[in-house]
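Hi everyone, thanks for coming. Please have the viewer open while I talk, and stop me whenever something is unclear.

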Amino acid sequence: MATPHLQFDNGTAYDLFVSLAVLHEPSDFGVRGAWAAGVRARLSPEDRETLEKSQVLWRVPFHWIYDLPEPRDATTALLALGQVPAGERVSLLAVSPDVCDEARELLESVASQQSWSDEDLEALRAACQPSSEHGGSKKAPSSEKLSKILDLWAQAEEFGEQYLGALRAYHEAFFAEEEKRIRPALHTALERAQELAKQLSLLDLLEELTQGVRLDDLPEGEEMVLAPSYWSTPLVFMGMVSKERLVWLFGARPADASLVPGEVIPESLLRVLKAISDPTRLRILRDLSQETLAPSEISKRLRLRAPTVAHHLKTLRLAGLVQLTLGEEKTAKCYATRQEAVSAACESLKSFLRPDEDES
């Protein structure tokens, strides 16, 4: 397979949307729920509800953000969205290149009719079924989620107007200040990535930037765009810009920084300490230090249910302590301990406990 042409991008507009995803599902990103709720509480109940509903339709609209004019920041995004008629905003943000034609035509019909039926629900369910040619690795959306999607498309114009107002309110209440804080880190991470790209193969570069995600094969498509994200660290957001172009957001938050402004204890250190405080996770980490294992093998070895193993592996991944290898459809195939991350965590703990030693 030919190596995709590598490009880089940067802009706080990515984090505008990533931050909303994190604030609405804080546990998925190892973020304190109380703090996330406090940020959301800065908005009116109506705006909070609107932004929560939007997560059903889109998280990060890569295809739209990538086409924004420079500097691709939050202000640019809000101005661009404001120039779009309210009734077209849902379609603009929700219909990415990986949405099939059947689903797109159905949803646009629902928006035009401003209503939907049980037949529409079943048709959307059929259009969203995972393709058998990829082994059906993706789960189909639930009936509840499909109904919420149809409800929002049926009121596309009203929701489009509400969404722009809520996004503006979020920017004013929180993200405008946050944007100033994270911008330097994004620039630093971008410069580092560009330097590493001169030294490493694409697969090794991706593993380094994503703190442990290893691909079996080169990504599909003619072009791959790498962009830094402060809020996604250490996880990865991926999205299609076009059939030929894929965007990966890689973590840009420094190891000694935190999502919570003013936090004294490094967030990465807290995640490591939380991860290894559990005896089962410590056992998994030791086993993965000796050999690479699939989740099913860990489950069998420790006599644990698959969901329990998945939870522990997710916690270890959030702490940056494990490498995961992705196969087809970007699903995890196997895990191994990142020895360099373990060593770095030990050094971080020593530095935190004895800060004066670094100054001597």
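**A walk around the sheet**

Let's start with one pair of residues: glycine 239 has valine 247 of strand S5 as its bridge partner. Before we go on, please remember that what you see is a predicted model.

So which sheet are we in? It is an open sheet of four strands, in the order S1-S3-S5-S4, and the pairing is mixed. Which strands stand at the edges? They are S1, residues 5-8, and S4, residues 237-242. Each of these two has a single partner strand, so one side of each is left without a neighbour in the sheet. From one strand to the next, the twist averages 25 degrees.

Now let's go through the pairs, beginning at S1. S1 pairs with S3, residues 223-229, in the parallel sense, over four bridges. If you want to find that pairing on screen, look for leucine 6, whose bridge partner in S3 is methionine 224.

Next comes S3 with S5. These two run parallel as well, and seven bridges join them. A good example to click on is alanine 227, with leucine 249 of S5 as its bridge partner.

Then we reach S4 and S5, which pair in the antiparallel sense over five bridges. How many residues lie between them in their hairpin? There are two residues between S4 and S5. You can see serine 242 standing opposite arginine 245 of S5, and our opening pair, glycine 239 with valine 247, belongs here too.

Is S5 mostly covered or uncovered? It is mostly covered, with six of its seven residues buried.

**Helices on the sheet**

Let's add some helices. Helix H10, residues 156-197, packs on the sheet and touches S1, S3 and S5. The direction of H10 makes about 155 degrees with that of S1. Helix H11, residues 202-209, lies across S1, S3 and S5 too, and runs at about 20 degrees to S3.

While you have H10 on screen, find glutamate 191, which sits in that helix. Glutamate 191 counts as exposed because its relative accessibility is 53%, and the cut-off is over 50%. From glutamate 191 to leucine 316 there are 125 residues in sequence, and the C-alpha atoms are 28 Å apart in space.

**A buried arginine**

Now for arginine 317, in helix H15, residues 306-318. Arginine 317 is buried, yet it has no salt bridge. How far away is the nearest side chain of opposite charge? That is glutamate 207, at 9.3 Å. What does arginine 317 contact, leaving aside its neighbours within four places in sequence? Its contacts include Thr210, Gln211, Gly212 and Val213, and also Pro234, Leu235 and Val236.

**Two cysteines to finish**

Last stop: the cysteines. A disulfide is a covalent bond between the sulfur atoms of two cysteines. How many disulfides does the count give here? The count comes to zero disulfides. Are cysteine 334 and cysteine 346 buried or partly exposed? Cysteine 334 is buried, because its relative accessible area is 19% and buried means under 20%. Cysteine 346 has 44%, so it counts as partly exposed.

That's my tour, so over to you for questions!

Key. Residues are numbered from 1 along each chain as its sequence is written. This is a predicted model: local features need pLDDT of at least 70, side-chain atom pairs count only at pLDDT 80 or more; totals for chains, interfaces and linings use all residues. Side-chain values use heavy atoms; hydrogens and water are left out. A disulfide is a pair of cysteine sulfur atoms within 2.5 Å. Buried means under 20% relative accessible area, exposed over 50%, partly exposed in between (1.4 Å probe, protein chains only). Two strands pair if DSSP finds at least two bridges between them. Axes are lines fitted to C-alpha atoms, for helices over the stretch in contact, and angles run from 0 to 180 degrees between N-to-C directions. Contact means heavy atoms within 4.5 Å. Lys and Arg count as positive and Asp and Glu as negative; His and the chain ends are not counted. A salt bridge is a side-chain nitrogen of Lys or Arg within 4 Å of a carboxyl oxygen of Asp or Glu.
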